[in-house]
Amino acid sequence: MTEARPTTAASASLWERDEQVAAIARAVETLCADRSSAGSLLMFRGEAGLGKTALLAETRRIAEARGCTVWSARGGETLRSVPFNVVRQLLQPALVSLLPEEAREYLGDWYDIAGPALGITEPGERSTDPQGVCDGLVAAVRRLAGRDWPLVLLIDDAHWADPETLRWLGAFAERLDDLSVLVVVARRPGGVSGESARLLDAIAAVGGPVTHLSALTPDAVAGLTRAALGPHADASFCREVWAVTGGNPYETIELLVKVQNSELEPTDSSAGELRALNRSARGGGLVARLEELGIDATRFAWAAAILGTGISVELVARLAAMRHDDAVRSAELLCNARFLTEPDPSAGPVAEGELQFLHPLIASAVYNSIPDALRTAMHGIAAQVVTDSGRGVAAAARHLLQVHPDDDEELVEQLREAAREHLAVGAPDAARACLERALLEPPRPEVHARVLYELGCASLLTAPARTIGHLRTALGMPGLDGAERVDAVFRLSQALLHNDQLEEAVRTVEAEAARQGAGPARMRLQAVQYMWEGIFGEATSPGRSERLAELARTCAGRDNSERAVLILRAFDLMAHGGNAEEVAEFADRALVNGRLAPGLGWTDSEWGVELLMMLGSSYAYADRLDRAESLFAEALRVYTTAGWSGGHLALANAFVGLAYRRQGRLRDAEAILRESLRLAERVGRGLPLYWSASCGLVDTLLARGHVQEAWAVAERYGFAPPYPSTIVLPDPRSVRGRLLLAVGRTKDGVNELEAAEKAAAARGGHHPVLAPWTVDLARALAVEDPVRAGRLAADARRQAERLGTDTAIGEALRCAAALETGQRAVRLAGQAAAYLESSPCQYEHAAARVEYGIVARSVADLNRGLALARSCGADGLVRQAREALDTARGPR
């Protein structure tokens, strides 16, 4: 049994917790030993009252004794709908202590991204990327930890933390290897489900085994009883204390306080009275004890439970409609009766007169004791009180969510405003909850469709199936007209795409376009239709290319709808292997003075990211790699600056990687494609952006000659059939076929390349560099079927000349040279090297130069190829060139 300790509640709750306290002490010592040491996470799990809060208090004591900075926060049962509630508690005190310019300096580029979520700066007018805000919060703690090392973070009642905080904590925990911070989390085993439960499990996994707290043994309760009541307490009395409390430390402490207050002697004869005393410490007994304090104290306690946080006599008095003097007396009464207490100032800044419940069990019991109708009415009053106090409608939203529907126009507008504020700080789930509640009011007929539209915009990526229903209903109602209606149709089509309903997405915009008269709105819908069809390939819409070409002939780039059509025409022509000069001409006409037009920027929502990725890809595969890189680099800069670190940033990295790969900057391409995959993993596997990153990385590793690593990446990230229905750059079947050939699975490789051939035929043609199956299949069949290989090589040459780029022609000539021998092989290899020397693709030039050096036995060309291969990072080519040079020089 743990040795006797002081009789304070905190120390009493630490009985039989020596093992946990020792683990805390070790973690603190490790943290303090070295500023560069890795961070760690401890999680304590136990039912209410088992001493989790006491362990966190002991962590604070140990950490502060070693000179640590300690920040703490606590989840609340009625506060889970308040976004960033817990992380704000953690960080606000540290940030508020800084001058505004100091806070901006510490957070740097993240200030405008994370600042609104933390409540230290006003949000902007546009929606914010939730992943970017999460990353900004991680960066905020990283930078503040450098200032305040050694830093300890304490999070109590994590099972009641808001989802936004849990996402941040999960991301932060994943980075603890390079963050010298100790995180200690306490939670109950239940009380949470769905995404929050998954996040808590993931957080726990970072710290290793979770410590499960158990109830006190009879010996511990006996020691605790004698420490509180005196050593003369009878054994039978001590045993009964354990029996009626179940060894729960909190209930044991409360019971012993009541024994002391009632002056009950700790003898065998009085043990029978313990059960009645214990009932007043929990559930209905606690409520009965509250009622005994009088109606004013009860009203005060109810109002405090409704507020949940920021409890002050002034706010409670306004909410409970009490005179100030009566409220003061009630607060004193409730503190003396151990319902309320003043917050521990050591846990952080405390406002003057601030109160909190002694224990979450008491807060829950009081809140649940309020009659349902009265509780609902009090939430409505609380919303007004919170708003009038200057905290804003978003802070009042959690109360508005609890109000019964009553056809209240003002309430609908308040919830819509709260939703906009939530979106502006990167909390779409909270915004969705507000809008869903607004629909229950319900809104006026002329507003109803707009609320549904706003809800659809808020839930587009997180709940596409529900978004479809909301937007369809909105479009079937009056109230959405003009540009707003067109935008709703566009977003509905996006939701259908995310829900794997391509054909319906296309038909939806097609039908709405037919309803519109000639003009920008109709042109926009037509462009969206062609965009979705283009992403998913010609097979879904026969004759599409011809119709798009006809529409593009009418476009001069007068507005963004026409510019979109020109971009789509450029991409369609490129994907089908059309003339590269024409591709570049259409792409150039979509720009304004060589730049993206206003409203067509990377963060503009009118068109979506897909259109600009098509524009950059058109340049990339028309051998205008400088323009492609410039566009994709701008996307990377814009998304990083704006804090968009989810799917948009993953795509931007993938396409910058594509540009680097095409240029021959293979090391840079590999690095940025790995970053793209890391970001894509957070968004979710199976999405087109995930395929773009994994396919690009495999292709780059093969170019570098890292075949086994390419195979490992393909295995790890599922780069194998079935492929997505969307167009992926580069062509995944071609890259997979090349990979299989490289690892010696020739038959499987041939089958994969033949599948690529069939897919190209279904689309009505292909770009020979984007989907290079022709040249790879020809090389693979050179020995087994030389006739077919020759035919494929000739087809590759025709396709390359139709495309007209030096890269395509040079690659076709490389293939033809590989199928020949003697002087014909030398001549073709020399022509390939000459074409590729004029190409912006340096890796392909290096390969052609090495191949020409080998067949021509030219040491000069081998040396030149070796230098090019080194500059590209093409290690396989470097080895090949060195071996050929050794052979050419002969024995020494």
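A cavity is defined on a 1 Å grid over the protein atoms alone, as a set of points where a 1.4 Å probe fits but cannot get out; lining residues have an atom within 4 Å of a point. Grid points are joined across faces, edges and corners, and a volume is the space filled by probe spheres set on the points. By this rule the chain holds 4 cavities of 30 Å³ or more.

The model is predicted: local features need pLDDT of at least 70, side-chain atom pairs count only at pLDDT 80 or more, and totals for chains, interfaces and linings use all residues. Residues are numbered from 1 along each chain as its sequence is written, and side-chain values use heavy atoms, with hydrogens and water left out.

## Overall layout

The C-alpha atoms fill a box of roughly 115 × 75 × 50 Å along the principal axes. The chain has 45 helices and 7 strands. These are DSSP runs, numbered from the N terminus: helices are H or I with at least four residues, strands are E with at least two.

Domain bounds come from an automatic or database domain assignment. The division gives domain 1 (17-212), domain 2 (218-282), domain 3 (289-486) and domain 4 (805-891). Between the C-alpha centres of domain 3 and domain 4 the distance is 70 Å.

Of the 892 residues, 56% count as buried. Buried means under 20% relative accessible area, exposed means over 50%, and partly exposed is in between (1.4 Å probe, protein chains only). A contact means heavy atoms within 4.5 Å. Among contacts with a separation of 6 or more, 66% join residues 24 or more positions apart.

## Nonpolar cores

A nonpolar core is a set of buried Ala, Val, Leu, Ile, Met, Phe, Trp, Tyr and Cys residues joined through side-chain atoms within 4.5 Å. The largest has 161 residues, and Trp532, Trp602 and Val698 have the most contacts inside it. Helix α33 (residues 647-663) gives the most to this core, with 10 residues. Domain 3 (289-486) and domain 4 (805-891) both give residues to this core, so it lies between them.

Trp602 shows how one of these residues is surrounded. Leaving aside neighbours within four places in sequence, Trp602 is in contact with Leu596, Val609, Leu612, Met613, Leu631, Phe632, Glu634, Ala635, Val638, Tyr639 and Trp644. A second, separate core has 52 residues, including Val86, Val87, Ala94 and Phe172.

## Cavities

The largest cavity has about 60 Å³ of space. Its lining has 13 residues, with Pro768, Val775, Ala796, Ala808 and Ala812 nearest the centre. Three helices, α39 (773-780), α40 (786-803) and α41 (806-818), each supply at least two lining residues. The lining divides into 10 nonpolar, 2 polar and 1 charged. Here Ala, Val, Leu, Ile, Met, Phe, Trp, Tyr, Cys and Pro count as nonpolar, Asp, Glu, Lys and Arg as charged, and the others, Gly among them, as polar.

The second largest cavity has about 40 Å³. Asp408, Glu409, Val412, Glu413, Pro442, Pro443, Arg444 and Val447 line this second cavity. Helix α21 (residues 409-424) gives the most to that lining, with 3 residues. The split there is 4 nonpolar, no polar and 4 charged.

## Backbone exceptions

Most residues other than glycine have a negative phi, and most peptide bonds are trans. The exceptions below sit in loops.

| Residue | Backbone value | Loop |
|---|---|---|
| Pro150 | cis bond from Trp149, omega near -5° | between α7 (130-148) and β3 (151-156) |
| Pro730 | cis bond from Leu729, omega near -10° | between α36 (707-716) and α37 (732-742) |
| Glu263 | positive phi, near 60° | between α12 (249-262) and α13 (274-279) |
| Ala321 | positive phi, near 55° | between α16 (313-320) and α17 (324-336) |

Glu263 counts as exposed, at 68% relative accessibility. Ala321 also counts as exposed, at 64%.

## A buried glutamate

Glu254 lies in helix α12. At 2% relative accessibility, Glu254 counts as buried. Glu254 and Gly749 are 495 residues apart along the chain, and their C-alpha atoms are separated by 73 Å.

Key. 1 Å grid on protein atoms, 1.4 Å probe; cavity = no way out; pocket = protein on both sides within 12 Å on 5 of 7 lines; lining within 4 Å.
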